[in-house]
Amino acid sequence: MTVSNAGVTAPPGKAPSDPKRSPGRSGTRSAATGKSLRERDRSGYLFVAPFAVATGLFLLLPTLYGLWMSFTNQSLTGTGSEFIGFANYAEAFSDPQVWQTLWHTVWFTVLSTIPLVVVALVMALLVHTGLPGQWVWRMSFFAPYLLTSAVVSALSSWLFQPDIGLLDTWFAALGLQPVGWLTDENVAMFSIAAVTVWWTVGFNFLLYLAALQGIPQQQYEAATIDGAGGWRRLFSITLPQLRTITGVIVVLQLLASLKVFDQIYLLTAGGPNGSTRPILEYVYDTGFTNYRLGYASAISYVFFALILVFALVRLLPSRKEA
Amino acid sequence: MSVAELVADRRTRAQQERAENRALTKLTIGPSPWVRVASLAALVVLAALWLLPVAWGAVTSFKQEAEAALPASWWPTMGWTLDAYQQVLSNSDLLIWMWNSLVVAGLVTLLTVLISAMAAFAFSQTVFKGRSLLQWLTIASIMMPGQILIVPLFRQMQVMGLVDTFAGIVLPQIVAPVMVFILKRFFDAIPSELLDAARIDGAGTWRLFWTIVLPLSRSILVAVAIFVFIGAWNNFLWPFIVTTDPQFMTLPVGLSTVKNAYGVQYAQNMASAMIAALPLLVVFMLFQRRIVQGVATTGMGGQ
């Protein structure tokens, strides 16, 4: 990603400086003021303004407004916006629905993250062998990622359709009992996790593939000369080189899985019997079905606290490396 | 370049690629034919598994409605038909939703790339009061998941009169602090001498941005744009919350909330799904290399 420094003529009397890592400190200095040209360029705030305004309006403002709402009893119908202190939070912590949906969210995250990392790794290792058909493999593994959640849920609920669906038909042909893929409380979450793996694994697959392509080939060549076999090369070169990227993928995946909503809402609407309802759907139900905006905001912030823990974990290693 | 040259160029590139792949095979799994066959078999099985849901949906979409409701068979006994496609195209708002999705995703992409690139340029190549504070705020806002803002944001849209408008769907989606950082990293690598030389020649900051920084960064801008477009095209939660009028719905929202008045029609459901899936799949087939690169470089969030 580095832009080459070659071919750039340095202004007279000025040795080429380090490609600027510290903006505003390097660069050509004017003899009269002792300030760099960049430091005299005052129009930066004009460039940052559109982004700053958009962030202020659509991120900062709702964040603060939501926090305020969480301390009120505001309703979607417009009535009531009295300050009620921590009442919403007290209710949230003693609300079994909050704990239950939080647990579903965590359970889904565990069920989906593990295969989403492992299957992606296997796919990338297989494709990175350079075997013929590269275009086909990439296409088939990544294509589902390009489908919108509505299409994913339409396709998968058709597979899961009781009796006439493909899976039940196959099970019947094998002489097995039909399974309530989306209607059995013990099965539904697994089905949803499987659909999610099918849908989004292609993204992690691409990240792994890019990382594999970054491993210098000389290492393999050296290992081959030393007589290391295919398995040895896999375990001694390839996998150790993927340690960093695996850490990044795991954290990105955890953060993505915790925010699950689309596929669960569309496939089971949180059912059967609320057994798959994630916390984000509880927020939605509380705010937009039961009109309790204040309480919904409070639950959002409890959820936010959970996500923040993961987000901070994500920032820590990258800061150490920087 | 003439067509013949282009074709020849493509052919040599394909040849090169094949040679590289053969070398890669030797390096990774070695010369053993058994490992090769086993790996290839694993790839075939995985790919078949991954294509199965789409293939099954496609077969169903070409069946007659009466046959689709019978136990699954891969080969329609009542013959192939385009009835389902005809029905959904004439009886639903599918094409309107598709157009809406295109407009929304296009606007989100354009605006996100523009304002993110401008902000990244400001952070990277200019000095102004409060720059470090703003940069710090931008980093902090990366951690803010948009999903938890649906409640206050919806209320805000009501007050601003933006419910059931394109502005209401688009604007909250254009805030992408991660993209600012990905772009800033790229802009940081542009040699300061290049910009200073232009400054000495009297180029204003706008000119620097448009004629030097943006053209130099074409590859990363395309990568970011692809990533943002896929995200916006597939986004469900926010458009779902902020639209109630089918005329303003995007494809995912319209498909999943507006139900057929005649009960469940399996073939028609699959036909709609196929039509909805088509645009991005075609784009992917055309620009596979670019998209794969774009997702890989942007997906890491600049790490």
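Asn273(A) counts as exposed because it has 11 C-beta neighbours inside 10 Å, and 12 or fewer is the cut-off. This is a predicted model. The predictor gives the complex an ipTM of 0.88 and a pTM of 0.86. In the complex, 103 residues of chain A are in contact with 98 residues of chain B.

**Two loop residues of chain A**

- Asn273(A) sits in the loop that runs between helix H12 (262-267) and helix H13 (279-289) of chain A.
- The phi angle of Asn273(A) is near 60 degrees, which is positive although the residue is not glycine.
- Tyr291(A) also has a positive phi without being glycine, with a value near 65 degrees.
- The loop that holds Tyr291(A) lies between H13 and helix H14 (293-321) of chain A.
- Tyr291(A) counts as partly exposed, because its 15 C-beta neighbours inside 10 Å fall between the limits of 12 for exposed and 20 for buried.

**Chain A: fold and domains**

- Chain A has 14 helices and zero strands.
- Buried residues account for 41% of the 322 residues in chain A.
- Take the contacts in chain A between residues at least 6 apart in sequence: 63% of them join residues at least 24 apart.
- The domain assignment splits chain A into domain 1 (39-87) and domain 2 (88-321).
- The centres of these two domains of chain A, taken over C-alpha atoms, are separated by 31 Å.
- Contact between them involves 14 residues of domain 1 of chain A and 14 residues of domain 2 of chain A.
- On the domain 1 side of that contact, H2(A) gives the most, with three residues.
- By class, the domain 1 side has seven nonpolar residues, seven polar residues and no charged ones.

**Chain B: fold, shape and confidence**

- Chain B has 16 helices and zero strands.
- Its C-alpha trace spans about 75 × 65 × 40 Å along the principal axes.
- The radius of gyration of chain B is 25 Å, whereas a compact globule of 303 residues would have one near 19 Å.
- Buried residues make up 44% of the 303 residues in chain B.
- Of the contacts in chain B with a separation of 6 or more, 78% are between residues 24 or more positions apart.
- The domain assignment of chain B gives domain 1 (3-82) and domain 2 (92-258).
- The C-alpha centres of domain 1 and domain 2 of chain B are 35 Å apart.
- Chain B has a mean pLDDT of 86, and 97% of its residues reach 70 or more.
- Within chain B, confidence is highest in helix H8 (residues 166-170), at a mean of 94, and lowest in helix H3 (residues 65-68), at 77.

**Where the chains meet**

- As noted, 103 residues of chain A contact 98 residues of chain B.
- Helix H2 (residues 44-69) of chain A gives the most to chain A's side, with 17 residues.
- That side of chain A divides into 60 nonpolar, 32 polar and eleven charged residues.

**The largest nonpolar core**

- In soluble globular proteins, nonpolar side chains tend to be buried together.
- The largest nonpolar core here has 159 residues.
- The members that touch the most other members are Ala124(A), Phe205(A), Tyr208(A), Ile299(A), Ala119(B), Leu183(B) and Val224(B).
- Helix H8 (residues 188-213) of chain A gives the most to this core, with 17 residues.
- Neighbours within four places in sequence aside, Tyr208(A) is in contact with Ala120(A), Leu121(A), Ala124(A), Leu242(A) and Ile245(A).

**Leu237(B)**

- Leu237(B) is in helix H13 (residues 237-242) of chain B.
- With 19 C-beta neighbours inside 10 Å, Leu237(B) counts as partly exposed, because buried needs 20 or more.
- Setting aside neighbours within four places in sequence, Leu237(B) is in contact with Phe261(A) and Asp262(A) from chain A, and with Gln147(B) and Ile150(B) from chain B.
- Leu237(B) and Arg11(B) are 226 residues apart along the chain, and 45 Å separate their C-alpha atoms.

Definitions and conventions
Residues are numbered from 1 along each chain as its sequence is written. Chains are lettered from A and ligands numbered from 1 in the order in which they are written. This is a predicted model: local features need pLDDT of at least 70, side-chain atom pairs count only at pLDDT 80 or more; totals for chains, interfaces and linings use all residues. Two residues are in contact if their C-beta atoms, placed from the backbone, lie within 7 Å. Helices (H or I, at least four residues) and strands (E, at least two) are DSSP runs, numbered from the N terminus. Ala, Val, Leu, Ile, Met, Phe, Trp, Tyr, Cys and Pro count as nonpolar, Asp, Glu, Lys and Arg as charged, and the others, Gly among them, as polar. Domain bounds come from an automatic or database domain assignment. A nonpolar core is a set of buried Ala, Val, Leu, Ile, Met, Phe, Trp, Tyr and Cys residues joined through C-beta atoms within 7 Å. The radius of gyration is taken over C-alpha atoms; the globule rule is 2.2 Å times the number of residues to the power 0.38. pLDDT is the predictor's confidence in each residue, from 0 to 100.
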